[in-house]
Structures are given as C-alpha cells and as structure tokens.
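What follows is a walk through one protein model, from its overall make-up to its strands and its helix. Please keep the sequence and the structure in view while reading.

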Amino acid sequence: KVIINNFNGWQAPRVARNRGNVEIRQDGDDLIVTGADINHVAQTAANIQESTKIKNKDLRKFLDGIYVYQKE
C-alpha cells in the first residue's frame, strides 16, 4: 500500500492499495508505477489518484493532487 502523509495539510494520512506485483518508486515529485500486468499497474495508479482527489472545493482554484501525466 502507498501512504501519503500531509497531503494538502490534512492530519490523517491518505492510503492507496496496490494490486498484484506492482513496484512503486518515487523520483523527485513523481511516483512511478511499474509492473508486468498492465491491469494491475493501471488499477494501482487509479487508486493513488482517487485517494488524493480533492472534494467539495472549487477545482479551478485548488489544483493540488496527484495526476497521471504520462502512460507508456
């Protein structure tokens, strides 16, 4: 599982579960998700993005979060 501490100033950590044999590494500000099964990698990336989704805020002002910006 991935634990994201101090996201947007929140006290409680955000937790995202990974599926299967997926490797997650941090490279600066980037999280890189790799693995053999594309479905497990995609679901893990979606779980990370969903756990850091900003709710009940104006998305035009609060652009914080984790976004998928490259797929290979």
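Two strands are taken to pair if DSSP finds at least two bridges between them. In this predicted model, Asp27 stands opposite Asp30 of strand 4. Strand 3 and strand 4 run antiparallel and are joined by six bridges. They form a hairpin with two residues between them. Gly28, in the turn of this hairpin, has a positive phi of about 70 degrees.

The hairpin belongs to a protein whose secondary structure comes to four strands and one helix. Read from the N terminus on, the order of the elements is β-β-β-β-α. The protein has 72 residues, of which 17% are buried. Its exposed surface is about 6,000 Å², and carbon and sulfur atoms supply 46% of that area. Among contacts with a separation of 6 or more, 34% are between residues 24 or more positions apart.

Next comes the helix. Helix 1 covers residues 38-51, which makes 14 residues. At 1.5 Å a residue it should span 20 Å, and its end C-alpha atoms are in fact 20 Å apart, so the expected span and the model agree. At the start of helix 1, a side-chain oxygen of Asp37 comes to within 3.3 Å of the backbone nitrogen of Asn39.

Which residues of helix 1 are buried? They are Val41, Thr44, Ile48 and Ser51. These residues cover an arc of only 105 degrees around the axis, and therefore lie on the same side of helix 1. The spacing fits a general rule: an α-helix has 3.6 residues a turn, so residues three or four places apart point the same way. On the other side of helix 1, Ile38 and Asn39 are exposed.

What do the buried residues of helix 1 pack against? They pack against strand 1 (2-4), strand 2 (14-16), strand 3 (22-27) and strand 4 (30-35). The two strands of the hairpin described above, strand 3 and strand 4, are thus among the elements that the buried residues of helix 1 pack against.

One more residue of the helix deserves a look. Gln49 is found in helix 1. With a relative accessible area of 32%, Gln49 counts as partly exposed, because that class lies between the cut-offs of 20% for buried and 50% for exposed. Gln49 and Val68 are 19 residues apart in sequence, and their C-alpha atoms are 7.7 Å apart in space.

Note on methods: Residues are numbered from 1 along each chain as its sequence is written. This is a predicted model: local features need pLDDT of at least 70, side-chain atom pairs count only at pLDDT 80 or more; totals for chains, interfaces and linings use all residues. Side-chain values use heavy atoms; hydrogens and water are left out. The expected span of a helix is 1.5 Å times one less than its number of residues. Buried means under 20% relative accessible area, exposed over 50%, partly exposed in between (1.4 Å probe, protein chains only). The arc is that of the directions from the helix axis to the C-beta atoms. Contact means heavy atoms within 4.5 Å. A polar contact is a pair of N or O atoms within 3.5 Å; within protein, one must be able to donate a hydrogen and the other to accept it, and residues adjacent in sequence count only if both atoms are side-chain atoms. Accessible areas come from the Shrake-Rupley method with a 1.4 Å probe; for residues, only the protein chains shown count as cover.
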